[in-house]
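Pull up the model and keep the sequence beside it. We'll go from the whole chain down to single residues.

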Amino acid sequence: MKYFCIIFLLSLLFKDVYAFVLLSANPPRFPSGSITIKVNKDNCSNLTDTYTDIEALLKEAVDEYWNQVYTSSINLKVGENIDVTDNNATALFNAADNFIAVGCAEASSTNTFAAASLGCSTLNGTCINAKGYLYVNNKSGSVWENAARQTKIAILAHELGHAIGIGHSDKSYALMYFATNNSDIQYYLSEDDADAVTFLYPDDPSLLGLGGNCGAVASTPGTKKKNSSPLVGLFLGALIIFLIRKLLKNFQKQET
Ligand SMILES: [Zn+2]
């Protein structure tokens with residue numbers, strides 16, 4: 001009975017440890033946490049946001065959200081453009097090769113702001129790359145068009161979460177919560193979101209780039225600066241040994 005109670009209490013303690021959900025059991029991984037986002041040069045025909053406007057929103061989305069997680073090696077950056085003539089979800093997926101391709105596509109509903117996912121190319125059933133893609137809803141009259149700037153940034157941050165392999169969280173306070181209307185859109189990262197990205201891209205400098213990404217900007221705020229040099233430690237150690245030996249000698253002299 002005693003053990004049952006302990007196990008029960010422990011189960012309550014660890015109940016919410018893995019609240020986040022991944023897109024699949026083992027989503028494709030990018031080669032490192034440094035992941036480039038490439039926006040298609042073709043403007044979305046039904047939206048007033050140009051591709052450069054979308055790039056500016058993406059830059060804020062990565063800086064304000066995912067790149068803030070110092071326990072993860074994630075370092076998303078907006079890089080050079082892609083030129084996909086047929087601007088739709090399949091074309092964006094096909095263009096992506098170890099980067100996230102961003103453009104526009106018509107979703108089935110005007111209530112969709114944007115959508116994203118992650119796949120890979122396979123060779124003998126094994127993923128050989130990661131293909132993230134994200135599109136803004138180009139359907140005429142889509143809710144994207146009149147959304148506030150900060151909402152657009154939060155939506156893109158949420159969709160980037162999908163493009164790196166994170167699914168929907170059941171936590172209503174999480175950025176990755178399934179938002180069905182404007183009031184459910186979250187404007188900050190929760191611990192749940194940070195846990196998910198840390199699980200996929202952990203920051204572990206001891207692995208020297210094999211598991212984490214040492215150069216990640218996000219890793220710097222968490223590191224503690226050492227002030228003393230190893231020589232100081234050596235000197236102090238030698239001094240202590242010298243003093244102990246001297247004390248012992250005096251003690252022995254007193255005994256004789
Ligand atoms: Zn979603």
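Among contacts in the protein chain between residues at least 6 apart in sequence, what share join residues at least 24 apart? The figure is 70%, with two residues counted as in contact if their C-beta atoms, placed from the backbone, lie within 7 Å. Before going on, a word on the source: this is a predicted model, where local features need pLDDT of at least 70 and side-chain atom pairs count only at pLDDT 80 or more, while totals for chains, interfaces and linings use all residues. Numbering starts from 1 along each chain as its sequence is written.

The protein chain has six helices and seven strands, and along the sequence they follow the pattern α-β-α-β-α-β-β-β-β-β-α-α-α. Helices (H or I, at least four residues) and strands (E, at least two) are DSSP runs, numbered from the N terminus. Of the 256 residues in the protein chain, 35% are buried. Buried here means 20 or more other C-beta atoms within 10 Å of the residue's own, exposed means 12 or fewer, and partly exposed is in between, with C-beta atoms placed from the backbone.

Now find the sheet. It is open, with five strands in the order β2-β1-β3-β7-β4 and mixed pairing; strands pair if DSSP finds at least two bridges between them. β2 (75-78) and β4 (114-119) stand at the edges with a single partner strand each, so one side of each has no neighbour in the sheet. On average, neighbouring strands are turned by 20 degrees against each other, direction ignored.

At one edge, β1 (residues 34-39) pairs with β2 in the parallel sense over four bridges, and Ile37 stands opposite Val78 in β2. At the other edge, β4 and β7 run antiparallel, paired over six bridges, with Ala115 opposite Tyr135 in β7. In a regular strand the side chains alternate between the two faces of the sheet. You can follow that along β4: Ala114, Ala116 and Leu118 point to one face and are buried, whereas Ala115, Ser117 and Gly119 point to the other and are not.

Next, the helices. The axes of α2 (residues 51-64) and α4 come within 8 Å and cross at roughly 70 degrees; axes are lines fitted to C-alpha atoms, for helices over the stretch in contact, and angles run from 0 to 180 degrees between N-to-C directions. That makes α2 roughly perpendicular to α4, a label for angles of 65 to 115 degrees. Leu57, Leu58, Glu60, Ala61, Val62 and Glu64 of α2 make the contact with Lys152, Ile153, Leu156, Ala157 and Leu160 of α4.

What does helix α5 (residues 191-200) look like in terms of burial? Seven of its ten residues are buried, so α5 is largely enclosed by the rest of the structure. Among them are Asp192, Asp193 and Asp195, along with Val197 and Leu200. The buried residues of α5 pack against α4.

Finally, two loop residues. Most residues other than glycine have a negative phi. Asn98, in the loop between α3 (89-95) and β3, has a positive phi of about 60 degrees although it is not a glycine. Asn98 counts as partly exposed because it has 18 C-beta neighbours inside 10 Å. Asn124, also not a glycine, has a positive phi of about 50 degrees and is found in the loop between β5 (122-123) and β6 (126-127). With 5 other C-beta atoms within 10 Å, Asn124 is exposed.

Methods:
Parallel < 35°, antiparallel > 145°, perpendicular 65-115°, else oblique.
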